[in-house]
Structure formats: C-alpha cells, structure tokens
Amino acid sequence: MTDLIDILSNAAFWVATLRIATPLIFGTLGVLLCERAGVLNLGIEGIMVAGAFTGWLAVYNGLPLWGGVAVAAATGAVFGLLHAFLTVVLPLSQHVSGLGITMLASALSYYGYRVSFPKVNTPPTITPFAEMSWLPLPVLGQQTELTLFALLLVPLIAYMIYRTPAGLALRMVGENPQAAESQGVSVMATRTMAIVGGSALMGIGGSFLTLSAFNAFFFNMVNGRGWICVALVVFASWRPGKALLGALLFAFFDALQLRLQQSGDSLLPYQLYLMLPYLLSILALVIVARNAAYPQALMKPYRKGER
C-alpha cells in the first residue's frame with residue numbers, strides 16, 4: 001500500500017501515463033472517425049506500424065520532425081484509401097479488408113526496413129522531439145509537441161462531429177445511410193473521407209513511437225496498441241471526450257504495472273503485472289459496453305439505391 005501511494009504521488013508516474021496514452025489517443029480518434037461513418041477499420045495495427053516506420057525513415061533521411069509526422073499521416077491516408085476502396089466502393093468484408101491491410105502494412109514496413117538497412121544489427125537513431133520545457137505545467141511540460149497536438153485534437157474533433165455540417169453528415173451516414181443519401185449527402189464520399197482522415201491519425205499515432213517516445217524503429221514496437229484502440233472506442237461509446245478518458249485509463253494501468261514491477265518487493269509473478277492493464281481495461285469495457293449506443297450502420301455495407 002505504501003508503494004502504491006509513493007507511485008501515485010510521484011510526478012514522473014503521471015508523466016509516463018500521459019506519454020503512454022498519446023499514441024492511443026491518436027489511434028482511438030482515428031478508429032472513432034471511421035466507425036462514426038459506419039466502417040470498422042481493423043487495419044489500424046498495421047497502419048500504426050507503417051506510420052512509425054515511414055515517419056522515422058523520412059526524418060532519418062533529412063526531413064524535419066514535423067515533416068516526418070506529415071509523411072506518417074500520408075502513409076496512413078494511403079492505406080485508408082485502400083481500405084475505403086475495398087469496403088466502400090466494392091464493398092467487401094470490413095473485417096477481412098482490415099486484417100489484410102494490417103498484414104500488408106506491417107510486412108511492407110519490415111521489408112522496407114530490411115532493404116534500407118540490410119547490414120545493420122542495431123537500429124539507427126534520430127534526434128526526436130524535445131520536451132516542452134517552456135510550458136509552466138509540470139506534467140505537460142515534460143511531454144513533446146505531439147502529445148499537446150493529441151490533446152488539442154480531442155475538442156477539435158468533438159466540435160467537428162457535433163457542431164458542424166460535416167459532422168452531421170458523418171453521423172447520418174453512420175446511423176442511416178439511406179436517409180443521408182436522400183438528403184443529398186454522398187455516403188461513398190463521406191465514408192471515404194472519414195476512413196482516410198482516421199487512418200492518417202493512426203499513422204501519426206505510430207509516428208509518435210519513433211519520433212517522440214523513442215528515437216529508432218524496431219520490430220513489434222506497436223505491440224498491440226492498435227487493437228487496444230479498437231476496444232477503447234467501444235469503451236468511449238464513440239465519443240471523443242470519453243475516448244481521451246479511456247486512453248488515459250489504460251495508460252494509467254500500464255504505467256502502474258511498470259512501476260509495481262520495478263518496486264521489486266512483491267511476491268507476485270511479473271506476468272500478473274503485465275496482465276493488469278488488459279484485465280482492468282476488459283472489466284471497464286464490459287461494464288460500459290452494455291449500455292453503449294453504437295452507430296446503427298456500423299459494419300453494414302451500403303449500395304446506392306438498396307433498402
């Protein structure tokens with residue numbers, strides 16, 4: 001109990017929590033945009049890997065850090081466009097398309113790394129984003145600009161969804177695409193833009209790992225974060241504010257298990273600590289998801305003129 005109090009009273013713990021939450025915020029917002037339009041995007045895991053690799057490789061080859069972020073966003077958008085073509089234009093199974101994109105994006109990234117650095121055993125490094133020491137806030141001042149960007153995106157996306165015509169069209173398409181089409185809203189264009197924009201955010205989430213949290217790219221660094229984002233959207237009931245809360249909650253449990261492992265005076269096996277954030281997140285998901293109001297057209301293909 002004393003160890004837990006010491007952990008929670010340490011500012012470094014909250015700094016780590018916010019840092020862990022940052023890629024989850026990007027990814028969860030990206031999934032939220034796709035699903036609000038009625039499309040499940042299981043390509044997020046691979047898109048985050050591709051964003052992490054291409055953003056880092058661009059900076060390694062001379063682009064500025066924000067240029068690397070832009071490259072990662074563009075990479076995510078390209079894979080999002082592919083997913084939109086398969087699921088909206090054709091329209092094929094959203095599950096199969098998403099899983100296929102995850103495998104394709106991951107494989108291309110690992111192949112690209114091996115081709116770019118065929119004789120390198122240790123990953124090359126870059127100079128990542130620096131901490132925002134100019135901010136007077138103790139926790140936020142030890143983060144990077146990408147974390148601030150992620151936090152600012154939450155109210156911006158919430159405003160777009162609930163206060164703009166584009167947001168209204170997005171929600172209509174996700175709830176009742178036939179009604180949206182009858183009002184002159186293009187379901188195909190709206191869903192495509194939502195998937196492309198959401199996938200761009202997923203790519204930025206991946207780039208945070210190589211351009212901010214670390215300074216190199218290595219295999220398996222995304223480590224299931226994409227799948228966590230898919231679950232967090234359900235926890236958030238498809239609302240940006242609750243998505244932020246869910247990302248922070250998972251990051252809190254993850255940072256806590258790391259600190260508990262480091263305390264070293266527990267008789268519990270370390271595997272139990274590794275399970276802690278996932279078990280508690282599943283518990284929270286089960287409690288919240290029972291009353292979640294999901295978009296009614298989610299995962300339902302739409303063909304113009306059909307009822």
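1. A good place to start is S237, which is buried, with a relative accessible area of 14%; buried means under 20% relative accessible area, exposed over 50%, and partly exposed in between (1.4 Å probe, protein chains only). You will find S237 in the loop between helix 10 and helix 11 (240-263). Its phi is near 55°, a positive value in a residue other than glycine.

2. A word on the model before going on. This is a predicted model, where local features need pLDDT of at least 70 and side-chain atom pairs count only at pLDDT 80 or more, while totals for chains, interfaces and linings use all residues. Residues are numbered from 1 along each chain as its sequence is written, and side-chain values use heavy atoms, with hydrogens and water left out.

3. Next, please look at the loop between helix 9 and helix 10, where N220 has its place. (Helices are DSSP runs of H or I with at least four residues, and strands are runs of E with at least two, numbered from the N terminus.) N220 has a phi near 65°, a positive value in a residue other than glycine, and N220 is exposed, with a relative accessible area of 57%.

4. N223 lies in the loop between helix 9 and helix 10 (225-235). N223 is exposed, at 56% relative accessible area. Its C-alpha atom is separated by 9.3 Å from that of V49, although the two residues are 174 apart along the chain.

5. Now to the helices. Helix 4 (residues 65-89) and helix 9 (residues 187-213) have axes that come within 6 Å and cross at roughly 140°. Here axes are lines fitted to C-alpha atoms, for helices over the stretch in contact, and angles run from 0 to 180 degrees between N-to-C directions. The crossing is right-handed, a term for the near helix being turned clockwise from the far one by less than a right angle. The contact residues divide into 15 nonpolar, nine polar and one charged; Ala, Val, Leu, Ile, Met, Phe, Trp, Tyr, Cys and Pro count as nonpolar, Asp, Glu, Lys and Arg as charged, and the others, Gly among them, as polar.

6. Helix 4 also holds L82, which is partly exposed at 32% relative accessible area. L82 belongs to a nonpolar surface patch with F85, V89, L90, L92, L104, L108 and M188, together offering about 680 Å² of accessible area. Such patches take residues with over 30% relative accessible area and no salt bridge, joining nonpolar side chains (Val, Leu, Ile, Met, Phe, Trp, Tyr) within 5 Å and like charges within 9 Å. A salt bridge is a side-chain nitrogen of Lys or Arg within 4 Å of a carboxyl oxygen of Asp or Glu. Accessible areas come from the Shrake-Rupley method with a 1.4 Å probe; for residues, only the protein chains shown count as cover.

7. Where does the patch come from? Helix 4 and helix 5 (94-116) each supply at least two of its residues, and helix 4 gives the largest share, three residues.
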